[in-house]
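This report is meant for a reader who meets the structure for the first time. Please keep the sequence and the 3D view at hand while reading.

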Amino acid sequence: MDLSKIDALVAAAPGRIAAAVDLAALEQLETELVGRRSPIAELRRGLGQADPQDRPRLGQALKTATDALKGELDTARAVLEAAAEDALLEGDRVDVTLPAATPARGTHHLITQTMEEVADIFRSLGYQIESGPEIEIAHYNFDALNTPLSHPSRFESDTMYIEPFDGKAKTGGEELLLRTQTSPMQARYMESNPPPVYIVVPGRVFRTDTWDATHSPVFHQIEGLAVDTDITFGDLKGTLAHFALEFFGSSAKTRFMPNFFPFTEPSAEMHVWFNGGWLELLGCGMVDPNVFEAVGYDPQEVTGFAFGMGVERLAMVKHGIKDIRHLFENDLRILRQFR
Ligand code: DAH
């Protein structure tokens, strides 16, 4: 058996191994040098035919050569693997100091912002924020608020009535409607809470108004109600004047004018000086004793004031918006001005 071929192979191996540029090339070289069809494997298979006396020496020589080659291959593999890993990390490198892609950021609609702003002003005065149902029964929207059947706001031309799915069964024969005002929450709240009461109720209301620059069939109101043992009209004026200063700024001018609402007596409206004229902002008044009676309060024991303001009107006055439809058309060029 001629081992000179093996000596040449082992001598040439380091150079060939060093020349393997990547793991695939190295693997191919490994097959060639120590694989099943390599010259060494062939010789090993021929050992059986060798002179028995020579067999241990030949076998040892083949093993030494194989170990040497495998050792060199393993070393080279470790180097190539480390390099491959480095290349992978380098390619995947993230620069955490680069500015991140900014996701598009949403914002609250101006109407929501306005309601929150008003709620904040009253919260800082100790009021609680409440909310009520948009589908209301006529009792709370009208009767409990001292508004008799003959009142024009109860006409179908002003109010959107709703047919219950199962006739009148669910409402005990009551008429269902989309609330025309947030005032029904006055009655609902007092009915289930004893005095004192200090609440504001933001919400959506509905009327059969035709869509134009100053009307929308859907709009928003904020109701206010304060009931205690000795509330006076002075408290009402002071509270609303304070609100106007906070909301419109320290130069805001307000005035009160008499008005009529079924559920307050006396009733008034508050105007704000805006753009060279007086503008009506809200209705208000001292809670009518009939309302206290309807909810089970004793009119001899408590007095209170109530008010209701239009949210769209507040936003339009504060931001100089001329057409209420801008608030409902979802034109981003307009909405983006109020982020
Ligand atoms: N609910 C009335 C409306 O929609 C506004 C209003 C007036 C509310 C006087 C009140 C109030 O609480 O006292 O026109």
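The text below goes from the division of the chain to its sheets and then to two of its helices.

**Domains**

The model is a predicted one, and its protein chain is divided into domain 1, which covers residues 4-91, and domain 2, which covers residues 110-338. The centres of domain 1 and domain 2, taken over C-alpha atoms, are separated by 91 Å.

**The sheet of seven strands**

Seven strands make up an open sheet with mixed pairing, and their order is S1-S5-S6-S10-S9-S8-S7. Because S1 and S7 stand at the edges with a single partner strand each, one side of each is left without a neighbour in the sheet.

Within this order, strand S6 pairs with S5 in the antiparallel sense over 10 bridges, and S6 is also joined to S10 by eight bridges, again with the two strands running antiparallel. Strand S6 is mostly covered, since nine of its 11 residues are buried. Several residue pairs let the reader follow the alignment of these strands: Tyr 198 stands opposite Ala 226 in S6, Val 201 stands opposite Glu 223 in S6, and Gln 221 stands opposite Gly 310 in S10.

**The sheet of three strands**

Another open sheet is formed by three strands in the order S2-S4-S3, with antiparallel pairing. Its edge strands are S2 (135-137) and S3 (161-162), each of which pairs on one side only. Strand S2 and strand S4, the latter made of residues 176-178, pair in the antiparallel sense over three bridges, and Leu 178 in S4 is the bridge partner of Ile 135.

**Helices H5 and H8**

The table sets out the spans of the two helices, at 1.5 Å a residue.

| Helix | Residues in helix | Expected span | Distance between end C-alpha atoms |
|---|---|---|---|
| H5 | 14 residues | 20 Å | 19 Å |
| H8 | 16 residues | 22 Å | 22 Å |

For H5 the distance between the end C-alpha atoms agrees with the expected span, and for H8, which covers residues 233-248, the two values agree as well.

Which residues of H8 are buried? They are Leu 236, Thr 239, Leu 240, Phe 243, Ala 244 and Phe 247. These residues cover an arc of only 135° around the axis, which means that they lie on the same side of H8. The buried residues of H8 pack against helix H5 (110-123), helix H10 (311-319) and four strands, namely S7 (254-261), S8 (264-274), S9 (277-287) and S10 (303-310).

Both ends of H8 can be described in some detail. At the N-terminal end, Thr 232 acts as a cap, with a side-chain oxygen lying 3.2 Å from the backbone nitrogen of Gly 234, while just after H8 the residue Gly 249 takes a positive phi of about 110°.

In H5, the buried residues are Leu 110, Ile 111, Thr 114, Met 115, Val 118, Ala 119, Ile 121 and Phe 122. The buried residues of H5 pack against H8 and H10, and also against strands S1 (128-129), S5 (197-206), S6 (218-228) and S10. Strand S10 and helix H10 are thus packed against by buried residues of H5 and by buried residues of H8.

How values were computed
Residues are numbered from 1 along each chain as its sequence is written. This is a predicted model: local features need pLDDT of at least 70, side-chain atom pairs count only at pLDDT 80 or more; totals for chains, interfaces and linings use all residues. Side-chain values use heavy atoms; hydrogens and water are left out. The expected span of a helix is 1.5 Å times one less than its number of residues. Buried means under 20% relative accessible area, exposed over 50%, partly exposed in between (1.4 Å probe, protein chains only). The arc is that of the directions from the helix axis to the C-beta atoms. Contact means heavy atoms within 4.5 Å. A polar contact is a pair of N or O atoms within 3.5 Å; within protein, one must be able to donate a hydrogen and the other to accept it, and residues adjacent in sequence count only if both atoms are side-chain atoms. Two strands pair if DSSP finds at least two bridges between them. Domain bounds come from an automatic or database domain assignment.
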